[in-house]
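Reader: I am new to this structure and would like to understand how its aromatic rings are arranged. Could we go through them step by step?

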Amino acid sequence: QVQLVEFGGGLVQPGGSLRLSCATSGSIFSIYAMGWYRQAPGKQREWVAWIPSRGIANYADSVKGRFTISRDNAKSTVYLQMNSLKPEDTAVYYCCQGVPAVDGTYHPNYWGQGTQVTVSS
């Protein structure tokens with residue numbers, strides 16, 4: 001059984017930083033792409049970032065230059081470092097494991113339960 005558990009959400013002021021972690025179990029972590037999505041109230045879930053098993057990470061335009069995704073294969077953990085946070089970054093953040101999609105990106109096949117990030121003064 002594949003399990004993903006997120007940590008690190010919370011309340012932060014605009015301009016602040018947070019680091020999310022997602023620990024996985026039940027799969028061979030190192031061979032899969034890992035990603036982060038988010039869902040704001042009343043909106044659809046949207047993609048934030050992917051990091052492949054090997055290669056370069058890619059980001060949504062809305063977070064490019066502010067967020068950094070990374071992974072530690074020895075710990076089966078993926079991270080999302082979020083800097084220069086804005087109120088519009090407020091959402092529930094979900095990590096996911098991904099498999100290759102036909103369009104060259106990845107398709108999530110397992111999800112974590114989500115962690116709330118609130119950016120407010």
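Reader: Is Tyr-94 buried or exposed, and what is its relative accessible area?

Author: This is a predicted model, and every value here is computed from it. A residue counts as buried when its relative accessible area is under 20%. Tyr-94 falls under that cut-off and is therefore buried, with a relative accessible area of 13%.

Reader: Why is the pair of Tyr-94 and Trp-111 edge-to-face?

Author: Two rings count as edge-to-face when their centres lie within 6.5 Å and their planes are over 60 degrees apart. The centres of Tyr-94 and Trp-111 are 6.3 Å apart, and because their planes stand at 85 degrees, the pair is edge-to-face.

Reader: Which strands hold Tyr-94 and Trp-111?

Author: The two residues are 17 residues apart, so that their pair links distant parts of the chain. Tyr-94 belongs to strand 9 (residues 91-100), while Trp-111 belongs to strand 10 (residues 106-111).

Reader: Which parts does the pair of Tyr-37 and Trp-50 tie together?

Author: Tyr-37 and Trp-50 form an edge-to-face pair, 6.1 Å centre to centre with 85 degrees between the planes, and both residues are buried. Because Tyr-37 lies in one strand and Trp-50 in another, the pair ties together parts that are 13 residues apart in sequence, namely strand 4 (residues 33-39) and strand 5 (residues 46-51).

Reader: Which residue lies over the face of Tyr-94?

Author: Tyr-94 belongs to a cluster linked by ring pairs, together with Tyr-37, Trp-50, Tyr-106 and Trp-111. Over the face of Tyr-94, at 3.7 Å from the ring centre, lies Arg-45.

Technical notes:
Residues are numbered from 1 along each chain as its sequence is written. This is a predicted model: local features need pLDDT of at least 70, side-chain atom pairs count only at pLDDT 80 or more; totals for chains, interfaces and linings use all residues. Side-chain values use heavy atoms; hydrogens and water are left out. Rings of Phe, Tyr and Trp (its six-membered ring) pair if their centres lie within 6.5 Å; planes under 30 degrees apart count as stacked, over 60 as edge-to-face and the rest as tilted. Helices (H or I, at least four residues) and strands (E, at least two) are DSSP runs, numbered from the N terminus. Buried means under 20% relative accessible area, exposed over 50%, partly exposed in between (1.4 Å probe, protein chains only). A charge sits over a ring if NZ of Lys or CZ of Arg is within 6 Å of the ring centre and within 35 degrees of the ring normal.
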